[in-house]
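Welcome to a guided tour you can follow in your own viewer. Keep the selection tool handy, and we will go from stop to stop together.

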Amino acid sequence: MKISAAMAVLFALVVVLVGVLCVEGRVPGEIIFYYFSQQWTGSRCGGERSCCYPKTGKPAPGFVIEGLRPQNLMNEDLKNCDPKDQLNPSKISDLTSELQRYWPSLACPSRSNMRHWKNEWSTYGTCGNYVLNQTQYFKAALNLKKEVNLLDVLIKGGIKPNGGSYDLYNASETIRMAVGYMPGIFCVKDKAGKTLLNVIIGCTVDGTSYNDCPGMLGSDCGPSFKFPPLK
Ligand SMILES: *[C@@H]1O[C@H](CO)[C@@H](O)[C@H](O)[C@H]1NC(C)=O
Ligand SMILES: *[C@@H]1O[C@H](CO)[C@@H](O)[C@H](O)[C@H]1NC(C)=O
């Protein structure tokens with residue numbers, strides 16, 4: 001009896017130790033999940049702020065993809081993992097018309113979308129290319145955007161892009177009820193100092209669907225934000 005009790009304790013200890021070692025054994029540069037962020041063009045490009053569109057045209061109005069950014073165990077961005085791994089345009093040729101609409105370059109001065117995507121791939125995509133390769137990375141972002149139409153979800157919850165002011169908690173809950181995770185909601189200030197909805201972030205482990213984020217994503221908006229019209 002005594003021996004088997006001791007064995008049980010020992011066994012439990014081993015299980016706990018192996019668990020701890022497995023977590024601690026993770027490589028610091030290892031990707032644990034991705035942040036998927038979308039930005040509201042009405043804030044990013046409206047009012048006093050401006051966007052410069054690529055010569056190929058304007059993106060779709062509404063939320064556009066800001067990025068799909070791999071994170072490590074400490075919730076740090078992983079960046080620039082393989083300078084030799086450049087985006088090959090032929091790997092995303094089937095996706096370019098959708099990417100132009102939903103993952104545009106908005107930076108000034110205006111630059112080509114392909115340059116923007118190459119930059120996103122080398123900065124962020126390369127760090128997870130054993131999870132999502134070049135084609136899969138861009139496809140995953142488009143699919144995540146389609147899987148949950150954020151604007152529809154917000155409008156159905158009474159949060160409309162009409163310049164009105166909305167309660168942050170109410171917006172977080174509206175999104176959480178529709179998609180099952182608590183989003184991160186981030187704001188920018190316009191020149192008058194008003195807080196505008198800017199970016200909404202969710203998490204995904206492998207790009208196929210949304211997952212709960214490890215830890216709270218939080219917000220920098222304060223108790224409420226303005227939701228500027230479509231742009
Ligand atoms: C990405 O991986 C998929 C599935 O393994 C494969 O079919 C595809 O050819 C790969 N694409 C690239 C760009 O490596
Ligand atoms: C958000 O506020 C509106 C109006 O007060 C209310 O009808 C709705 O139920 C709230 N949504 C959530 C998710 O709390």
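## Stop 1: a strand covered on both faces

Begin by selecting β1, a strand with buried residues on both of its faces: F33, Y35, S37 and Q39 lie on one side, while Y34, F36, Q38 and W40 lie on the other. Count them up and you will find that eight of the eight residues of β1 are buried. Before going further, please keep in mind that this is a predicted model.

Which way do β1 and β2 run relative to each other, parallel or antiparallel? Show β2 as well and follow both strands: they run antiparallel, joined by eight bridges. To see one of these pairings, select F33 and look for its bridge partner in β2, which is Q71.

Now add β5 to the view. β1 also pairs with β5 in the antiparallel sense, this time over six bridges. A good place to look is F36, which stands opposite G202 in β5.

## Stop 2: a hairpin

Keep β5 on screen and add β4. These two strands pair in the antiparallel sense over six bridges, and I185 stands opposite I200 in β5. Together β4 and β5 form a hairpin, with five residues between them. Click on G193 in the turn, where phi is positive, at about 85 degrees.

## Stop 3: the nonpolar core

Next, select F36, L68, Y137, A141 and F225. In the largest nonpolar core, which has 42 residues, these five touch the most other members. Several elements each supply at least two residues of this core: the strands β1, β2, β4 and β5, and the helices α4, α5 and α7. Which strand gives the largest share? That is β5, with six residues. As a general background, nonpolar side chains in soluble globular proteins tend to be buried together.

Zoom in on L68 for a moment. Leaving aside residues up to four places away in sequence, L68 touches Y34, F36, Y124, Y137, A140 and A141.

## Stop 4: one side of a helix

Select α4, residues 113–123. Its buried residues are W117, E120 and W121. Why do they sit on the same side of α4? They cover an arc of only 100 degrees around the axis, and therefore they share one side of the helix. To find what these buried residues pack against, show β2, α3 and α5.

## Stop 5: unusual spots in the loops

Move to the loop between α3 and α4, where you will find P109. The peptide bond leading from C108 to P109 is cis, with omega near -10 degrees.

Then visit the loop between β2 and α3. N75 is found there, and so is N80. N75 is not a glycine, yet it has a positive phi of about 55 degrees. N80 is also a residue other than glycine with a positive phi, near 50 degrees.

Is N80 buried or exposed? N80 is exposed, because it has 10 other C-beta atoms within 10 Å, and the exposed class takes in residues with 12 or fewer. N75 has 13 C-beta neighbours inside 10 Å, so N75 counts as partly exposed.

## Stop 6: the two ligands

Select ligand 1 and display the residues around it: K91, N133, Q134, T135 and Q136. Colour them by class and you should see four polar residues, one charged residue and no nonpolar ones.

Now turn to ligand 2. It is surrounded by G157, G158, N170, E173, T174 and M177. What classes make up the shell around ligand 2? There are four polar residues, one charged and one nonpolar.

## Last stop: the whole chain

Zoom out to see the full chain. Its secondary structure comes to seven helices and six strands. Trace the chain along its sequence and you can follow the pattern α-β-α-β-α-α-α-α-β-α-β-β-β.

How much of the chain is buried? Of its 231 residues, 33% are buried. Finally, consider the contacts in the chain with a separation of 6 or more: 77% of them are between residues 24 or more positions apart. The pairing of β1 with β5, where you started, is a good one to revisit, with its six bridges.

Notes. Residues numbered from 1 in each chain as written. Chains lettered and ligands numbered in written order. Predicted model: local features only at pLDDT ≥ 70, side-chain atom pairs only at ≥ 80, totals over all residues. Near = placed C-beta within 6 Å. Nonpolar A, V, L, I, M, F, W, Y, C, P; charged D, E, K, R; others polar. Core = buried A, V, L, I, M, F, W, Y, C linked by C-beta atoms within 7 Å. Buried ≥ 20, exposed ≤ 12 C-beta atoms within 10 Å, placed from the backbone. Helix = DSSP H or I, 4+ residues; strand = E, 2+ residues; numbered from the N terminus. Contact = placed C-beta atoms within 7 Å. Arc of directions from axis to C-beta. Pairing = 2+ DSSP bridges.
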